[in-house]
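User: Please take a close look at the aromatic side chains in this structure and at the strands of the part of the chain around them. I would like one connected account rather than a list.

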Amino acid sequence: MQEPTLSPGPAKLTPALAPTHWMEVILNASPAELPLDLACQPELTLDSTRQPEMTLRPGLAELNLDPEPQPEETPAPNLAELTLEPVHCRPELLDACADLINEQWPRSRASRLHSLGQSSDAFPLCLMLLSAPHMPKAAPIVVGHARLSRVLDRPQSLLVETVVVARALRGRGFGRRLMEGLEVFARARGFRRLHLTTHDQMQFYAHLGYRLGEPVQGLVFTSRRLPTTLLSAFPRVPSSRPPYKAPNLMAQVPPRGPKGPPLPPPPPLPEPLTTSPPTPSGNCPKNLLETQYKDLRGCPIFWMEKDI
């Protein structure tokens, strides 16, 4: 055993240890004699608010500091506790839903909130996949979102749009839970088919039972005063009246002004915007790797559908 002596002020203490157990400790302490019994492995504790607790052992010195408490991670939502609710029934969650969608498709916040504010039972209808809050009296967590719209000429079909799951929760089954919830929601209201488009998630939807289909036209109403019975007028009904023939604007004689050359004819009417050309009946594509359709930006797009 060796008894080192600590002198006033900063002292350098080098115990005579075996080469494999060498250590060096710098202590700021008042004059004191400190016996170190290496065989018994004593503990040295300095009673000072500015010095940490230290333990000296024959091996390497250990410095134990009390770390700051780390915030607990928020547990992932439980799939069994998820619910599907319309946005217009939970207006207090509009901001959270807008943030979720903008995380995937950035857009001005005012525009996104305005679009979500158009949700109604008369369609289009925005749905949120919600998780129960982890803390009492806390708001539910918005896990996912999807929008449903009526389809022109197909009273029993709905178009699924803006399907998104929170980025941090992807790959855990929440996307499947969202799509299954949409089917239950639509079937309970008398619909029998869902349509959607995708650029790169063909395999995901194929595993859910979707197949490649033909393009459809979704209906977007900006007024909530339109009754749902108006949709019954969309199917084509034969009429005894002769078909209306639009005048040929290009064949009209251009009007002449009081002086000068004749005015040029008016420009032709713009063609309606469509996301893809019509597909002949019964000739739908079958390859999940190729498509003849493109979106408005010219990117390949796949139309898919499922009977529910």
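Analyst: A good place to begin is arginine 189, whose charged end sits over the ring of phenylalanine 185, at 3.5 Å from the centre of that ring. The model is a predicted one, and the geometry given here is to be read as computed from it.

Turning from charge and ring to ring and ring, the structure holds three aromatic pairs. In one of them, the ring centres of phenylalanine 123 and phenylalanine 191 are 5.6 Å apart and the planes meet at 80°, which is over 60 degrees and therefore makes the pair edge-to-face. This pair connects distant parts of the chain, since its two residues are 68 residues apart: phenylalanine 123 belongs to the loop between α2 (109-117) and β8 (125-131), while phenylalanine 191 belongs to the loop between α3 (174-188) and β11. Phenylalanine 123 has a relative accessibility of 8% and so counts as buried, the cut-off being under 20%; phenylalanine 191, at 5%, likewise counts as buried.

Another edge-to-face pair is made by phenylalanine 204 and tyrosine 205, with 5.1 Å from centre to centre and 70° between the planes. Here the cover of the two partners can be read separately: phenylalanine 204, at 29% relative accessibility, counts as partly exposed, whereas tyrosine 205 is buried, because its relative accessible area is 8%. Both residues belong to one aromatic cluster together with Tyr210.

The strands of this part of the chain bring in β13, which spans residues 302-307 and is mostly covered, with five of its six residues buried. Strand β11 (residues 193-198) pairs with β13 in the antiparallel sense over six bridges, and within that pairing leucine 194 stands opposite lysine 306 of β13. Strand β12 (residues 211-212) also runs antiparallel to β13, to which two bridges join it; there, leucine 212 has methionine 304 of β13 as its bridge partner.

For the wider setting, the chain comes to four helices and 13 strands, and 32% of its 308 residues count as buried. Among the contacts in the chain with a separation of 6 or more, 59% are between residues 24 or more positions apart. The chain exposes about 20800 Å², of which carbon and sulfur atoms supply 56%.

Methods
Residues numbered from 1 in each chain as written. Heavy atoms only, no water. Buried < 20%, exposed > 50% of the residue type's maximum accessible area, 1.4 Å probe, protein only. Pairing = 2+ DSSP bridges. Phe/Tyr/Trp six-rings, centres within 6.5 Å; stacked < 30°, edge-to-face > 60°. Lys NZ or Arg CZ within 6 Å of the ring centre and 35° of its normal. Contact = heavy atoms within 4.5 Å. Areas by Shrake-Rupley, 256 points an atom, 1.4 Å probe, with all protein chains shown as cover.
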